[in-house]
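Q: Could we go through this structure together, starting with one local site and then moving outward?
A: Certainly; here is the model.

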Amino acid sequence: MQYGGSVHPKVAYFYADGSSYGEGVRVVIQPNRFRSWEALLEFLTTKFPDLPYGVRSVFSLRGRKRIHSIAELNDDVQGFFVGGGYWLVRITTGRRDAKVRSEYTSACTANVFLTVQGTKSTSAALNLSMHRSRPMNGANSPSNKASKNNPLGRDTKPLFSPGQTDEFEVNLGDIGDVVKVRLSHDKTGNYPELLVSHMRMTRLPGAHASMNSGHLRDGIVSSASSHSLAEPNLADLTFYFNAWLSQNVGDGQVTREVASRGSLGLILQEQRRRRHEALKRPQGITPVLPVTKVPKLPMDDMLQLPTVQYHVRVKTSNLWDSGTTAAVMVLLFGQFGDSGPRHLWNRQSAKRRPFQQGQVDDFKFHCVILGRLNLLKVWLDSSPRKTPETWCLEWIQVIEEDDPISSISSLTSTIIHQPPALFHGDQWLYLEPVVNALQMLPVAQPVDLIFGPNGESDYGFPATISKLWKSMEWMFKNGMEISFYSLVTGDPLSLMSCGRIKSIKSTTDSPCGKFLFYMFPFPLKNTDKSNSESGGPKGFLIRPHLNGFIQVESVLLRDNIEQVLKFRVDPSDGSISIGETADHRETLLMPYVKGSMRDQGIILLCTNSEQTLTPYADGQVDGNLVAKATGTRTNESHWRVHRVGQQIRAFESVAYCGYYLKITEGSVVDVMGRGDSDCYFVVMRERRQGYIRLESQKFPSLFLHINSNGTVTSSNSVDNKCNRFYPLIVECKSLVIASNQVAILQ
């Protein structure tokens, strides 16, 4: 007998699917040894006893091409995978969705993928078009009969036509018992819409069954005697979807999940089995525990895992050029499995451009409940623009909600709603040259909030507080003269002649508006009667907040117990007290150090707590210097201040000596000035909010303006955050730091 035209024996190596290549089985294939394909499969089953249902399929190592006969083994490829987790999948599409009153009129043109989660592992996403069932020898289905127009006997109708049932044969490997299935598609083609009615999965028999029947599907296993749970039939499963996979119809989701019956019990039993196995293993000098049976599951654990809705809130960083137009993907991992890759998209966010600077975007998707979340993975997938994409993620919050369309209750004695999970990112993600995925663990809750001047708030993660403090700690160095402006009054804190401090405008009764940080006496009016007992202040805490604001907290010692109370300013009279307040604006102070605009001083023109105005070489024009708001706090970002007149300054780059920041006719901003009138700016100070605006003296009402991508142009708008700069003193020769004084007279 010739195998594919060759009489020479063939030496092949077979490996179990999922194993390393070094643990294969060497088989010499010759005519007098294996007279049929089924005989070879039966022989391989004896060589791979760990496959629970025997060897049913063989694939090439490269390309994962399925091998159907001994003749195909005569190719040059000498290594092959064998698998035992082979299933017949039948997917039935609908014709009309009564809920949204939409017709399914044409076959879906997108590539449809199936993912199956088992108790042991999860399969890869299988492109079903590559696994369409084809007739075996002896098939006599009327739809598969050969004809003149269909010589191979295949169904010529396209996949997923309305009201059609399509069959697929998939190798899932040894994933254990099926917990849930996931259908998704890639939104390609002219009609990327799919209405799924239901899906049926049937475990296919071992090699002996197919050999006896002559047709693989004639020997379908219908019992579950080999499974751990006797109640459900885990070899023949039906999943009811009755939902669209479409961005245009329904709720806009292209990924759907359905859990198997008894899935909760399967998950819990597998977890208990693993814990039981761990207890049986000796650990150091701990004695080995006696072997006991795995405890039986209560009836409540036999329930189906419900589908819930996950509300995902995403905060993009406030840094300049932190937004993106790329697709953002997330993957949630929890106690009961993972969500699969999910594209953060909805119709509302698509209209307003999601993932832009400082923006919080909301998304919702349906998923089989994951239980307690323990990991979140996020990455960029694709972009409509050809330029390299970056994105700076601040945080992600995941909120578990009831699914409004699910008929399965999520409230049982075993499953309870999980509290919102918060994941702190604070990192840049890149699409090119290499996509980097960010993996985040949930942070411990609760997280303190930090506040801004306009009522905004954000999470005060420890890393965030550290960065904010690093941006302002130069003002609190020992011996530094510092003033504090109240947000609610707009006036500085002044030391009155009576010894108290109030936030009022300068008067004859308020001789002092500056304080030395290392001698920071606050004689305060105490509104908390509980603090009138013996004890006194131990010191002060400076707590950073948004936009350069701070809170000053007094650390008091009462009965050997530390108490921390915030300073608050009464907006009616400017008096200062300590105690709780419902309005956080009363506690916000802006520290101010005078001298940032003195002649020949060197400063940074910071654009936020991390970035600063920096000259860059123009990538389009050789020899040209442009200004960007995305620089770091290095020597490249230093500016030398030149005093021209009252409130008029010029700014020379220290790194590029002789080149000045300027606005020219046509509203062009660059760093090509030579110190003439184009380089003169009127400095407009806003001390109570800590920033300055730079207005062109030559072109009045024209201000430096920061675009969202970090480039700097000019604009006549002054009602937004795009023209605010926060000076940071690097060197100021005329700045005198007094010593041995509590207050410095102005």
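**Contacts, cores and a pocket**

A: Setting aside residues up to four places away in sequence, Val-644 touches Arg-649, Ala-650 and Tyr-680. Please keep in mind that this is a predicted model.

Q: Where does Val-644 sit?
A: Val-644 is placed in strand E40, which covers residues 639-645.

Q: And is Val-644 buried or exposed?
A: Val-644 is partly exposed, because its relative accessible area is 38%, and the buried class requires a value under 20%.

Q: What separates Val-644 and Phe-681?
A: They are 37 residues apart along the chain, and their C-alpha atoms are separated by 9.1 Å.

Q: Let us zoom out. How many helices and strands are there in the protein chain?
A: The protein chain has 5 helices and 49 strands.

Q: What share of the residues counts as buried?
A: Of the 746 residues in the protein chain, 51% count as buried. The accessible surface of the chain is about 35900 Å², and carbon and sulfur atoms account for 50% of that surface.

Q: What about contacts between residues 24 or more positions apart?
A: Such pairs make up 67% of the contacts in the protein chain that have a separation of 6 or more.

Q: On to the interior. Which residues of the largest nonpolar core touch the most other members?
A: They are Leu-305, Tyr-310, Val-314, Val-378, Trp-391, Leu-393 and Ile-396, in a core of 37 residues. Among the elements that give two or more residues to this core are helix H3 (263-280) and strands E16 (307-316), E17 (328-334), E21 (373-380) and E22 (390-402). In soluble globular proteins, nonpolar side chains tend to be buried together.

Q: Take Ile-396: what is it in contact with?
A: Apart from neighbours within four places in sequence, the contacts of Ile-396 include Val-312, Val-314, Val-330, Val-378, Phe-423 and Met-440. Arg-313 is also one of the contacts of Ile-396.

Q: What does the second, separate core include?
A: The second core has 35 residues, including Val-89, Tyr-104, Ala-110 and Met-201.

Q: Back to E17. Is Leu-332 buried or exposed?
A: Leu-332, which is placed in strand E17, is buried, since its relative accessible area is 1%. Beyond the neighbours within four places in sequence, Leu-332 is in contact with residues including Tyr-310, Phe-365, Leu-373, Leu-375 and Val-398. The C-alpha atoms of Leu-332 and Met-440 are separated by 10.0 Å, with their positions 108 residues apart along the chain.

Q: Where is Glu-389, and is it buried or exposed?
A: Glu-389 lies in the loop between E21 and E22. Glu-389 is buried, because its relative accessible area is 1%. From C-alpha to C-alpha, Glu-389 and Leu-431 are 5.4 Å apart in space, and they are 42 residues apart in sequence.

Q: Now the backbone. Which peptide bond is cis, with omega near 0 degrees?
A: The bond from Gln-445 to Pro-446 is cis. Pro-446 is in the loop between E24 and strand E25 (449-451).

Q: What is phi of Asp-321, and what about Asp-426?
A: Phi of Asp-321 is near 65 degrees, whereas Asp-426 has a phi of about 55 degrees. Most residues other than glycine have a negative phi, and most peptide bonds are trans.

Q: And their settings: where does Asp-321 lie, and where does Asp-426 lie?
A: Asp-321 lies in the loop between E16 and E17, and Asp-426 lies in strand E23. Asp-321 is partly exposed, with a relative accessible area of 33%, whereas Asp-426 is buried, at 16%.

Q: Last topic: what is the volume of the largest pocket?
A: The volume of the largest pocket is about 1200 Å³.

Q: Which residues lie nearest its centre?
A: Asn-547, Gly-548, Asn-608, Ser-609 and Tyr-726 lie nearest the centre, and the pocket is lined by 48 residues. Among the elements giving two or more residues to the lining are strand E26 (457-459), helix H5 (462-472) and strand E48 (726-731).

Q: Which element gives the most to the lining, and what is the make-up by class?
A: H5 gives the most, with 5 residues. By class, the lining has 21 nonpolar, 14 polar and 13 charged residues.

Notes: Residues are numbered from 1 along each chain as its sequence is written. This is a predicted model: local features need pLDDT of at least 70, side-chain atom pairs count only at pLDDT 80 or more; totals for chains, interfaces and linings use all residues. Side-chain values use heavy atoms; hydrogens and water are left out. On a 1 Å grid over the protein atoms alone, a cavity is a set of points where a 1.4 Å probe fits but cannot get out, and a pocket is an open set with protein on both sides within 12 Å along at least five of seven lines; lining residues have an atom within 4 Å of a point. Grid points are joined across faces, edges and corners, and a volume is the space filled by probe spheres set on the points. Helices (H or I, at least four residues) and strands (E, at least two) are DSSP runs, numbered from the N terminus. Ala, Val, Leu, Ile, Met, Phe, Trp, Tyr, Cys and Pro count as nonpolar, Asp, Glu, Lys and Arg as charged, and the others, Gly among them, as polar. Buried means under 20% relative accessible area, exposed over 50%, partly exposed in between (1.4 Å probe, protein chains only). Contact means heavy atoms within 4.5 Å. Accessible areas come from the Shrake-Rupley method with a 1.4 Å probe; for residues, only the protein chains shown count as cover. A nonpolar core is a set of buried Ala, Val, Leu, Ile, Met, Phe, Trp, Tyr and Cys residues joined through side-chain atoms within 4.5 Å.
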